[in-house]
Amino acid sequence: METNTLRAIINIKNFNKNDFDDIYPSNNEISTKNRINSVGDSLEFFIKDAYSNGFSIVNKDEHYANYFSFFGSKNHPPDAIVKHGDAIEVKKTGSFRGDIQLNSSYPKSKLFSNNPLITNACRICEDNWDEKDMVYVFGIMTGKVLESLLFLYGDCFAAESRIYEDLKDNITTYLENSNDASEFSETNEIGRLNNVDPLKITNLRIRGMWLLRNPYLIFEDYIQKNSNSDFTVCSIVLKNKFDSFPEEDKKIIIDDEDIKYKEIRIKNPNNPAQFLDAILIRYDRL
């Protein structure tokens with residue numbers, strides 16, 4: 001079964017609920033059966049439910065298998081992959097202004113199958129895939145209430161991977177060539193210094209902790225909080241990506257009077273002197 005980000009937005013609007021106490025109560029069969037143990041878990045289930053229209057489904061894993069080729073792996077990107085479609089990364093925050101914690105994974109314009117941080121299960125989840133469009137879903141939560149949701153494609157804000165990899169490699173090279181007496185070893189992170197003390201019994205693991213400026217600030221001209229709305233869903237996607245979605249789904253988005261569709265221009269993440277054609281989709285529940 002096929003799905004995409006436009007279909008997810010339509011499903012969320014039609015579902016019309018954003019209080020996770022109502023959607024996934026702890027004594028609910030859905031919650032118990034699918035091990036929804038935290039607000040972060042709930043947001044990931046909510047996004048998967050949105051893409052698969054599975055909000056009322058009890059046996060979610062079996063239902064999700066119709067729509068996703070990969071369900072995600074703890075501590076490894078991404079959180080899901082749509083069958084023959086986009087990779088999805090879900091980020092929860094409680095603020096419209098604070099930085100977003102990306103941890104050891106820098107922001108990605110695309111997900112590549114040769115990325116050393118993904119699991120082998122992700123790498124082989126589909127035959128012969130090389131790259132996936134990456135959609136980040138940022139959820140603003142107040143307690144267990146989802147205030148705002150942003151589907152933001154990576155190529156709208158993330159530079160090419162070489163920018164981040166070169167920085168990591170430069171730090172690794174500096175550490176490897178330093179005059180420190182410790183032994184350096186390469187890892188999938190920045191590196192590791194071994195035997196740092198006289199007894200040679202202590203090692204130092206060095207990992208990057210990436211922070212992203214809050215996308216509600218990056219794109220504040222388009223996605224400012226609407227004080228009259230108690231729930232907002234937005235998406236920013238390059239126009240050529242929007243054009244690739246099924247005609248039926250595009251028509252629903254464009255024709256829906258409650259959904260704002262607007263052509264915008266955004267800075268090229270690789271060259272801010274240039275601008276890219278993009279599409280803003282916005283639904284405010286009033």
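N103 is partly exposed in this predicted model, because its relative accessibility is 34%. The residue is found in strand β4. Its backbone also deserves attention: phi of N103 is near 60°, a positive value in a residue other than glycine. For context, most residues other than glycine have a negative phi, and most peptide bonds are trans.

Two further asparagines belong beside N103. N128 is not a glycine either, yet its phi is positive, at about 55°. This residue is placed in the loop between α6 (120-123) and β6 (131-142). Is N128 buried or exposed? With a relative accessibility of 77%, N128 counts as exposed. N53, just after α4, takes a positive phi of about 50°.

There is one peptide bond to mention under the same heading. From P77 to P78 the bond is cis, with omega near -10°. P78 is placed in the loop between β1 (68-70) and β2 (80-82).

Allow me to turn to helix α4. Its 14 residues should span 20 Å at 1.5 Å a residue, and the end C-alpha atoms are 20 Å apart, which agrees. The helix is mostly covered, since 10 of its 14 residues are buried. Among the buried residues of α4 are L43, F45, F46, I47 and Y51. The buried set also includes K48 and D49.

F46 has a further role in the description of the rings. Ring pairs link F46 with F15, F20, Y24 and F55 into a cluster.

The next topic is open space. Rolling a probe the size of a water molecule over the atoms shows where empty space is left. The largest pocket holds about 1,200 Å³ of space. Its lining consists of 38 residues, and those nearest the centre are E44, S73, K74, N75 and D79. Elements that give two or more residues to this lining are α4 (39-52), α5 (60-64), β3 (87-93) and β4 (100-103). Which element gives the largest share of the lining? That element is α4, with 6 residues. By class, the lining of the largest pocket comprises 14 charged, 14 polar and 10 nonpolar residues.

The second largest pocket contains about 340 Å³ of space. It is lined by 14 residues, and C156, I218, F219, I266 and K267 are the closest to its centre. Two or more lining residues come from each of α9 (220-223), β13 (259-268) and β14 (271-285). Strand β13 gives the most, with 4 residues. The classes in this lining are 9 nonpolar, 4 charged and 1 polar.

How many cavities of 30 Å³ or more are there? The count comes to 1. About 50 Å³ of space lies in the largest cavity. Residues that line this cavity include P77, E89, K91, Y106, K108 and Y136. β3 and β6 are the elements that give two or more residues to the lining of the cavity. By class, the lining divides into 6 nonpolar, 3 charged and 1 polar. P77, one of the lining residues of the cavity, is also the residue from which the cis bond to P78 runs.

Three other residues of that lining, Y106, K108 and Y136, lead to the aromatic contacts. A pair of aromatic rings is described by the distance of the centres and the angle of the planes. The structure holds 16 aromatic pairs. One of them joins Y106 and W210 in an edge-to-face arrangement, with 5.9 Å centre to centre and 75° between the planes. Why does this pair tie together parts that are 104 residues apart in sequence? Y106 lies in the loop between β4 and β5 (110-112), whereas W210 is in strand β11 (residues 210-212), so the pair links those parts. Both Y106 and W210 are buried.

Y106 has a charged partner as well. The charged end of K108 sits over the ring of Y106, 5.0 Å from the ring centre.

Y136 belongs to another pair, with F138. These two rings are stacked, at 6.0 Å centre to centre and 10° between the planes. Y136 counts as buried because its relative accessibility is 3%. F138 is buried too, with a relative accessible area of 0%.

In closing, I would direct attention to two places. The first is α4, which gives 6 residues to the lining of the largest pocket and has 10 of its 14 residues buried. The other is Y106, which lines the largest cavity, pairs with W210 and has the charged end of K108 over its ring.

Definitions and conventions: Residues are numbered from 1 along each chain as its sequence is written. This is a predicted model: local features need pLDDT of at least 70, side-chain atom pairs count only at pLDDT 80 or more; totals for chains, interfaces and linings use all residues. Side-chain values use heavy atoms; hydrogens and water are left out. On a 1 Å grid over the protein atoms alone, a cavity is a set of points where a 1.4 Å probe fits but cannot get out, and a pocket is an open set with protein on both sides within 12 Å along at least five of seven lines; lining residues have an atom within 4 Å of a point. Grid points are joined across faces, edges and corners, and a volume is the space filled by probe spheres set on the points. Ala, Val, Leu, Ile, Met, Phe, Trp, Tyr, Cys and Pro count as nonpolar, Asp, Glu, Lys and Arg as charged, and the others, Gly among them, as polar. Rings of Phe, Tyr and Trp (its six-membered ring) pair if their centres lie within 6.5 Å; planes under 30 degrees apart count as stacked, over 60 as edge-to-face and the rest as tilted. Buried means under 20% relative accessible area, exposed over 50%, partly exposed in between (1.4 Å probe, protein chains only). A charge sits over a ring if NZ of Lys or CZ of Arg is within 6 Å of the ring centre and within 35 degrees of the ring normal. The expected span of a helix is 1.5 Å times one less than its number of residues.
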